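Open your viewer and get ready to click along. This tour suggests what to select at each stop and tells you what is there.

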Amino acid sequence: MTTAGLLLAAALAGSAGGQETGGAQAPAGSTATISSSVAAVVAPEKPAVFRSRVIVHKEAADGEPVSVRLRPAAGGRSSFEDKVRKVGGRDRGRSSAVKVVARVHPAGDDHWLVVCVYPVALRFKRMHMEARFFIQEGYLEGVKVAAVRIVGGGWSPADETEDSFSLKAKGVDFNEQMPGSAEITLSVIDPGPGPRVRNAGAVRRAFFGGADLGFVNFSWSAAGVSGEKASPARKPRRPAGKKPVSRK
């Protein structure tokens, strides 16, 4: 065979080999190798991290009787425990399923964000827990924790559409108890309102005393805030170098 014939035969052989590897006739092992390589470079989706639209003073971490810290995080869950005590270095108490609702109420030019946690275990008492946040010009300026109990009557699903603000507006008789101390950690705080607004946080070691509640832990991860539209968050002007002062 001539030199030209040898070169032509080699070219044809190379073309046929390429078609077999890259076409429909490719061995199964080649396809598996390609698939595993693609899977290796696909990164898992990161959970959404919601941003707070309220500024929390650093001094609030030393607040009395309720301290507040902002520690941004991706999520959390809603829970309730009462009669909490330390067992083996961990909190143990009577836990309960809960319903959580966040609402915003006007207070002049400012507003209160009220997070209500309704434990199933407290329905027979017509009682729920509230964490209230007073928001002024985009800053958290006050916080309260309370156990709210409707006086008289029996529980109904309508109880879980009420909070201390709506009960007062309707003239419904209720009483509330404030803890002697409590610690709040907020993952995200946003007064909204709106269906896509997110709030998440936890109250720890809220001391109500007595045999009724004792120490209480509760937390929330709530989507949506109902209520009147809050004023746009505005940062107040302060002289340079002056620290904000938390108002109770």
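A polar contact here is a pair of N or O atoms within 3.5 Å; within protein, one must be able to donate a hydrogen and the other to accept it, and residues adjacent in sequence count only if both atoms are side-chain atoms. With that in hand, select Glu-162 and Ser-166: their side chains are joined by a polar contact of 2.6 Å.

A word about the model before going on. It is a predicted one, where local features need pLDDT of at least 70 and side-chain atom pairs count only at pLDDT 80 or more, while totals for chains, interfaces and linings use all residues. Residues are numbered from 1 along each chain as its sequence is written, and side-chain values use heavy atoms, with hydrogens and water left out.

**Stop 1: the whole chain**

Colour by secondary structure, and you should find 3 helices and 12 strands. Helices (H or I, at least four residues) and strands (E, at least two) are DSSP runs, numbered from the N terminus. Of the 248 residues, 37% count as buried, where buried means under 20% relative accessible area, exposed over 50%, and partly exposed in between (1.4 Å probe, protein chains only).

**Stop 2: around Glu-162**

Return to Glu-162, in the loop between β8 and α3 (164-170). Is Glu-162 buried or exposed? Glu-162 is buried, because its relative accessible area is 11%. Now show its contacts (heavy atoms within 4.5 Å). Leaving aside neighbours within four places in sequence, Glu-162 touches Arg-103, Cys-116, Tyr-118, His-128, Leu-167 and Lys-170.

**Stop 3: a cavity**

Keep Tyr-118 and His-128 selected, since both also line the second largest cavity. Add Pro-119, Leu-122, Arg-123, Arg-126, Met-127, Trp-155, Asp-159 and Glu-160 to complete that lining. β6 and β7 are the elements that give two or more residues to the lining. The volume of this cavity is about 60 Å³. On a 1 Å grid over the protein atoms alone, a cavity is a set of points where a 1.4 Å probe fits but cannot get out, and lining residues have an atom within 4 Å of a point. Grid points are joined across faces, edges and corners, and a volume is the space filled by probe spheres set on the points.

**Stop 4: Ser-96**

Next, pick Ser-96 in strand β4 (residues 90-96). Which backbone nitrogen does the side chain of Ser-96 reach? It is that of Ala-121, at 3.0 Å. Beyond its neighbours within four places in sequence, Ser-96 is in contact with Phe-80, Pro-119, Val-120 and Ala-121. Ser-96 counts as buried because its relative accessible area is 15%.

**Stop 5: the largest nonpolar core**

Select Met-129, Phe-133, Ile-184, Leu-186, Phe-218 and Trp-220, which touch the most other members of this 34-residue core. Such a core is a set of buried Ala, Val, Leu, Ile, Met, Phe, Trp, Tyr and Cys residues joined through side-chain atoms within 4.5 Å. β7 gives the most to the largest core, with 5 residues. Zoom in on Leu-186: apart from neighbours within four places in sequence, its contacts include Val-68, Phe-133, Ala-200 and Trp-220.

**Stop 6: Ala-222**

Finish at Ala-222 in strand β12. Draw a line from its C-alpha to that of Val-100: the two are 6.4 Å apart in space and 122 residues apart in sequence. Ala-222 is buried, because its relative accessibility is 4%.

Technical notes:
1 Å grid on protein atoms, 1.4 Å probe; cavity = no way out; pocket = protein on both sides within 12 Å on 5 of 7 lines; lining within 4 Å.
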